[in-house]
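Welcome to a short set of exercises on reading a protein structure. Have a look at the sequence and the model below, then try each task before you read its solution.

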Amino acid sequence: MDLQKMMDLPGALAAFTYSDKGELQSHVLREGTELTPQVLDLLARSCVANLAIAGMEARGWEALTGQSGFQPIKGFSVVGLEWSVVVNGNCGVVVKNRDADYEASFNAVQAA
Amino acid sequence: MRIVKQLMAIPGVIAAGEYAYRGDRFSYEGALTDEFARMASIMCRANTLSVNMQSEIVDSFSENCGCRPVQGWIVRGNQMSVCAVGNYFAFIENRDELLNDVMTIMRAKVGDVQDDLLVNLYARLGGDTKEALY
């Protein structure tokens, strides 16, 4: 996974990879950002949980409603006050909200 | 409902709705039944509560790091996505640029979600939730 390439996304503040359990494995931080490796570790853990919950909800929704198109889940994003974290699989990127290109970010974490 | 109508005017938006933070009301437009809209509202409220709880934990390790209050979340599905900003949600197709357009409109129209969000989300728990939280 090329974290430096993910840092080229508009407004990227950090890029990181994590294990299936959500343990932070590698990361790149933009100089001057208030994000820390500890924050990225917490984000990774929460995002693993959120992806699992989203997968469960998508499965249940499709089964109950007969609608299709959610599974498999291709990513999850939490939009904070100043930045958003976008994750899928085992990697994620944090982008500034005012510059965020969510589609490009989801495509990047999907390709990684 | 004005925001919902504006969202529904965008090609590729399948359904959009608004739910009360307290969880006792919802309204919607688009390709959902009343029961599915109720389910979607419950799901969106639960996810919003969950990510806000998570952001409180993150913030306790790095105060004012820019994560809280959470403004919303996105689930990217294979062909459809769900966007939630504040107490509004939208089911959209995965078309080029639609996600960015919908998020820009939702953020602009809903405005910044304030810190009292959790108080309202917890309001059904009973007692003085404001005192308990802050």
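**Exercise 1.** Is Ser19(A) buried or exposed?

*Solution.* Keep in mind that this is a predicted model.
Step 1: locate the residue. Ser19(A) sits in the loop that connects β1 and β2 (24-29) of chain A.
Step 2: apply the cut-off. A residue counts as buried when its relative accessible area is under 20%. Ser19(A) has a relative accessible area of 12%, so it is buried.
Step 3: look at its surroundings. Once neighbours within four places in sequence are set aside, Ser19(A) is in contact with Gln25(A), Val48(A) and Asn90(A).

**Exercise 2.** Describe the overall build of chain A.

*Solution.*
Step 1: count the elements. Chain A contains 3 helices and 5 strands, and along the sequence they follow the pattern α-β-β-α-β-β-β-α.
Step 2: judge compactness. The radius of gyration of chain A is 14 Å, close to the 13 Å from the globule rule for 112 residues, so chain A is as compact as a globular protein of that length.
Step 3: add the box. Along the principal axes, the C-alpha atoms of chain A fill a box of roughly 45 × 25 × 25 Å.
Step 4: consider burial and contacts. Of the 112 residues in chain A, 54% count as buried. Among contacts in chain A with a separation of 6 or more, 44% come from residues 24 or more positions apart.
Step 5: turn to the surface and the charges. Chain A has an accessible surface of about 5,000 Å², and 49% of it belongs to carbon and sulfur atoms. There are 8 positive and 13 negative side chains in chain A, and the centres of these two sets lie 3 Å apart.

**Exercise 3.** Work out how strand β5 of chain A fits in with β1 and β4.

*Solution.*
Step 1: check burial. In strand β5 (residues 91-96) of chain A, 5 of the 6 residues are buried, so the strand is largely enclosed by the rest of the structure.
Step 2: take the pairing with β1. Strand β1 (residues 12-18) of chain A pairs with β5(A) in the antiparallel sense, over 5 bridges.
Step 3: take the pairing with β4. Strand β4 (residues 83-88) of chain A is joined to β5(A) by 6 bridges, and these two strands also run antiparallel.
Step 4: find a residue that links both pairings. Val95(A) in β5(A) stands opposite Ala12(A), and Val95(A) is also the bridge partner of Ser84(A).
Step 5: inspect the turn. β4(A) and β5(A) form a hairpin with 2 residues between them, and Gly89(A) in that turn has a positive phi of about 55°.

**Exercise 4.** Find some unusual backbone features in both chains.

*Solution.*
Step 1: recall the usual case. Most peptide bonds are trans, and most residues other than glycine have a negative phi.
Step 2: look for cis bonds. One joins Gln71(A) and Pro72(A), with omega about -10°; Pro72(A) lies in the loop between α2 (37-65) and β3 (75-79) of chain A. Another joins Arg68(B) and Pro69(B), with omega about 0°, and Pro69(B) is in the loop between α2 (34-61) and β3 (72-76) of chain B.
Step 3: look for positive phi. Asn64(B), which is not a glycine, has a positive phi of about 55°. Asn64(B) is in the loop between α2 and β3 of chain B and is exposed, with a relative accessible area of 58%. Glu97(B) has a positive phi near 70°. Glu97(B) belongs to the loop between β5 (88-93) and α3 (98-110) of chain B and is partly exposed, at a relative accessible area of 42%.

Methods:
Residues numbered from 1 in each chain as written. Chains lettered and ligands numbered in written order. Predicted model: local features only at pLDDT ≥ 70, side-chain atom pairs only at ≥ 80, totals over all residues. Heavy atoms only, no water. Helix = DSSP H or I, 4+ residues; strand = E, 2+ residues; numbered from the N terminus. Rg over C-alpha atoms; globule rule 2.2 N^0.38 Å. Buried < 20%, exposed > 50% of the residue type's maximum accessible area, 1.4 Å probe, protein only. Contact = heavy atoms within 4.5 Å. Areas by Shrake-Rupley, 256 points an atom, 1.4 Å probe, with all protein chains shown as cover. Lys, Arg positive; Asp, Glu negative; His and termini not counted. Charge placed at Lys NZ, Arg CZ, Asp CG, Glu CD. Pairing = 2+ DSSP bridges.
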